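Student: I'd like a close look at one charged pair and the part of the chain around it. Could you start with the pair and then work outwards?

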Amino acid sequence: RVFATAEPDRYEAAHVGEDGETSLWDTRVSPVMRDGEVVGVIQISSNVTERRQAAAERDRLFDLSMDMLCVAGTDGYFKRLNPAFEYTLGYSVEELMARPFVEFVHPDDRARTQAVIERLAQGEPVIDFDNRYRCRDGSFRWLSWRASPDRTGRLMYATARDVTQKRSLEQLLVHSQ
């Protein structure tokens, strides 16, 4: 393909070694040009087996977590969500990612939430920030957040835990006292 198009290409392939172990290789192929013609190619291959296994393990933990895990942009949209969001809020991941996340925040909590997003955009991590999120059925759940920004200030990595029941029990205790 590189000879035919004179364009670089890339592919991954599995290789079985003499020991019977399978490894995954990422290969990049670039044309060597002379007088406008491809006269050869340069191929660089890297063993990416461990990197792919680590990514698969990370993705598995992300998917299995009972806590809500997300990557969000300071542009106001979720970039990645784990299944706990669907379970807790009742919306599909696609529905949550299609709208600005502040639309799901209780109106009384939006200003505080926006202030936290601004802190994260400036590189400051946030620990134990609580706000209410609207569920598909119209009810609200209290979520307790921990978030950390990336180096660019464009992404936030966050965990949220549903603390609705804990808050209800605390209110009952205060009321009974």
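Which side chain meets that of Glu95 in a salt bridge, and how many Å is it from N to O?

Tutor: Happy to. A word on the source: this is a predicted model, in which local features need pLDDT of at least 70 and side-chain atom pairs count only at pLDDT 80 or more, while totals for chains, interfaces and linings use all residues. Residues are numbered from 1 along each chain as its sequence is written, and side-chain values use heavy atoms, with hydrogens and water left out.

The partner is Arg136: its side chain and that of Glu95 meet in a salt bridge at 2.2 Å, N to O (a side-chain nitrogen of Lys or Arg within 4 Å of a carboxyl oxygen of Asp or Glu). Glu95 belongs to helix 4 (residues 93-98), whereas Arg136 sits in the loop between strand 6 (126-134) and strand 7 (140-149), so this pair ties together parts that are 41 residues apart in sequence. Helices and strands here are DSSP runs, numbered from the N terminus (H or I over at least four residues for helices, E over at least two for strands). Both ends of the pair are partly exposed: Glu95 has a relative accessible area of 31%, and Arg136 has 46%. The cut-offs, with a 1.4 Å probe and protein chains only, are under 20% for buried and over 50% for exposed, with partly exposed in between.

Arg136 shares its loop with Asp137, which also lies between strand 6 and strand 7. At 65% relative accessibility, Asp137 counts as exposed. From Asp137 to Pro125 there are 12 residues along the chain, and their C-alpha atoms are separated by 32 Å.

Now for some other charged pairs. Arg58 and Asp59 join their side chains in a salt bridge of 4.0 Å, N to O. Asp59 is partly exposed, with a relative accessible area of 28%. A further salt bridge links the side chains of Arg99 and Glu103, at 2.9 Å, N to O. Arg99 is partly exposed at a relative accessible area of 30%, and Glu103 is partly exposed too, at 33%. Elsewhere, Arg10, Asp26 and Arg28 are joined into one network by salt bridges that share partners. The count of salt bridges comes to 15.

That network is a good cue for the strands that come early in the chain. Strand 1 (residues 9-16) and strand 2 (residues 22-34) run antiparallel and are joined by 8 bridges; strands count as paired if DSSP finds at least two bridges between them. Across this pairing, Tyr11 stands opposite Thr27 of strand 2, and Ala13 stands opposite Trp25 of strand 2. Strand 1 and strand 2 form a hairpin with 5 residues between them, and Gly20 in the turn has a positive phi of about 90°.

Strand 2 also pairs with strand 3, again in the antiparallel sense, over 10 bridges. Here Pro31 has Val41 in strand 3 as its bridge partner. This second hairpin has 2 residues between strand 2 and strand 3, and Asp35 in the turn has a positive phi of about 55°. Strand 3 is also where Ile44 lies, and Ile44 is exposed, with a relative accessible area of 53%.

Stepping back to the protein, there are 6 helices and 8 strands. From the N terminus on, the elements run α-β-β-β-α-β-β-α-α-α-β-β-β-α. Taken along the principal axes, the C-alpha atoms fill a box of roughly 85 × 40 × 30 Å. The radius of gyration is 24 Å, whereas a compact globule of 177 residues would have one near 16 Å (taken over C-alpha atoms, with the globule rule being 2.2 Å times the number of residues to the power 0.38). Of the 177 residues, 33% are buried. Among contacts (heavy atoms within 4.5 Å) between residues at least 6 apart in sequence, 34% join residues at least 24 apart. To end where we began, Glu95 and Arg136 are 41 residues apart in sequence, and their salt bridge ties helix 4 to the loop between strand 6 and strand 7.
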